[in-house]
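Colleague: I have a model open and some bench questions. Can we go through it piece by piece?

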Amino acid sequence: MRGKILLVDDDASVRFGIQDFLSAHGFEILEAESCQVGRERFLRDRPDLALLDYKLRDGTALELLPQLRTMDPDIPLVVLTGNASIDLAVQVIKLGAEQFFTKPVELPALLVFIERLIETQRARRGQLAGKLQSHREEPDPFLGDSPLIQELKQTAHRVLDSDSPVLIQGETGTGKGVLAQWLHRHGPRADEPFIHLNCAGLAPQFLETELFGHERGAFTGAVQRKQGLLEVAHHGTVFLDEIGDVDAQVQPKLLKVLEEQRFRRLGDVEDRQVDIRLVAATHQDMAERVRTRQFRVDLYYRISTLPLRLPALRERKQDIPHIAESLLRRLAQERGRPGLALTPGAMAALQDYAWPGNIRELRNVLERAVLLTSRGSLEAVDLHFASGVSPNAGPSEEELSLTLREVEQRHIERVLAAEGGHVERAARRLGIPRSSLYEKLKRFGLAPKP
């Protein structure tokens, strides 16, 4: 899709003619027959450009232009009128219109103008994104000097310019999302969209409509056409987190996108072309999911063309000081406490802990310490770990006598309590889908807080 255009005109025949012509040239047309509907669709759908008839049943473009400009000053507006005059042209330009066209509109001329306007707007957004990115400290997925992280860094640099799919594997909290964003920001698609979708626990139909979109009436509740994330990401990167949870009925459709760069909206009869790079991530053992037929072997081979593995924090403990200092510096700046540092005792405690939640857990521990400590440095006593156990302490006799089921139940209870009974956050921390956590809570006779 080349762009999304909102067409506001109360003449159905005019809307049909313009919609038919621009759709044939790859644009998606959103229609509105009044100022009120135009305002609603403009706010909800955020088009790339809006075409406004001058005179509508409930107002004129002179009233509508400043209202739309207030909603989003960056979306180009073009006025169509049957009664052109110099005075009117001056008025609409002053109110924020890019141009006006006299009806009946010369569609080829309108097409050329729209193409140039949208291209200019996208280039402007790309430049702005580059400026914002250059002024913002980017999370670095390669902090540290351990052999494991340096090897990952070298491999990641080698795959940057490829359009082949990347599969990032690693335990929950290791920074798979950070690495995915780094691949996008430093690759040839950096100025294009980066779309992130977490597949964990999503019902098949919801996942399908999010990825591929749907036509009006495709299923109960589909009251209007929906653009899928694949279309939104055209020319950019799609990051599918927890791809191992993608339902079996969606997997062949995803494979078609990767092999043919084509897909079909739900309820549509025509394929659409799309140009994307896929970056996928999972904490699961994908080979085991393939062996148990939970994941298609052909899709697995396709997404794992370029595999990257993020090591667990316990495998690279020499990197903990680099990571902790970087995280603390950012957290302290956000909380207005620059200069806050870790004492040697606090750093030793961080290095002695096993970090089952990896970098995400490390960040949580430091954030809590920054919020609760008023001193100029963080001591070991300021660090509160999720397990509530001292980093140097080994398992007690009682813990060694527990069955695996009892250990799992206790750990779920602790994490759920730490998250205030919030099931979704607890599931994210445990690295499992929310539906799986609900099943475990039911099996153990535990009840989350309402």
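Colleague: Start with the aromatic residues. Is Trp-355 buried or exposed?

Modeller: This is a predicted model, where local features need pLDDT of at least 70, side-chain atom pairs count only at pLDDT 80 or more, and totals for chains, interfaces and linings use all residues. Residues are numbered from 1 along each chain as its sequence is written, and side-chain values use heavy atoms, with hydrogens and water left out. Buried means under 20% relative accessible area, exposed over 50%, partly exposed in between (1.4 Å probe, protein chains only). Trp-355 has a relative accessible area of 0%, so Trp-355 is buried.

Colleague: Which residue forms an edge-to-face aromatic pair with Trp-355?

Modeller: Rings of Phe, Tyr and Trp (its six-membered ring) pair if their centres lie within 6.5 Å; planes under 30 degrees apart count as stacked, over 60 as edge-to-face and the rest as tilted. A search of the whole structure finds eight aromatic pairs. In one of them the centres are 4.6 Å apart and the planes stand at 90 degrees, and the partner of Trp-355 is Tyr-353.

Colleague: Which residue forms a tilted pair with Tyr-353?

Modeller: Here the centres are 4.2 Å apart, with 35 degrees between the planes, and the partner is Phe-385. Tyr-353 sits in the loop between helix H14 (344-352) and helix H15 (358-372), while its partner sits in the loop between strand E18 (377-378) and helix H16 (397-400). Helices (H or I, at least four residues) and strands (E, at least two) are DSSP runs, numbered from the N terminus. Tyr-353 is buried, and so is the partner, Phe-385.

Colleague: How far apart are the C-alpha atoms of Ala-348 and Ala-380?

Modeller: Ala-348 belongs to helix H14. With 34% relative accessibility, Ala-348 counts as partly exposed. Along the chain, Ala-348 and Ala-380 are 32 residues apart; their C-alpha separation is 8.1 Å.

Colleague: Now helix H6. Which elements do its buried residues pack against?

Modeller: The buried residues of H6 are Ile-149, Leu-152, Ala-156 and Val-159. Down the axis of H6 they fall within an arc of 85 degrees (taken from the directions from the helix axis to the C-beta atoms), so they line one face of the helix. On the other side, Pro-147, Glu-151 and Arg-158 are exposed. With contact meaning heavy atoms within 4.5 Å, the buried residues pack against helix H7 (176-185), strand E15 (277-282) and strand E16 (306-309).

Colleague: What arc do the buried residues of H1 fall within?

Modeller: The buried residues of H1 are Arg-15, Ile-18, Phe-21 and Leu-22. Ser-13, Phe-16 and Ala-24 are exposed on the other side. The buried residues line one face of H1, because seen down the axis they fall within an arc of 145 degrees.

Colleague: Which residue has its ring face under Arg-443?

Modeller: A charge sits over a ring if NZ of Lys or CZ of Arg is within 6 Å of the ring centre and within 35 degrees of the ring normal. Arg-443 lies 5.1 Å from the ring centre, over the face of Phe-444.

Colleague: How many contacts does the stretch 388-394 have beyond near neighbours in sequence?

Modeller: pLDDT is the predictor's confidence in each residue, from 0 to 100. The protein averages 85, and 91% of the residues score at least 70. Where pLDDT is low, the predicted coordinates should not be read in detail. Over residues 388-394 the pLDDT is below 50, and the number of such contacts in the model is six.
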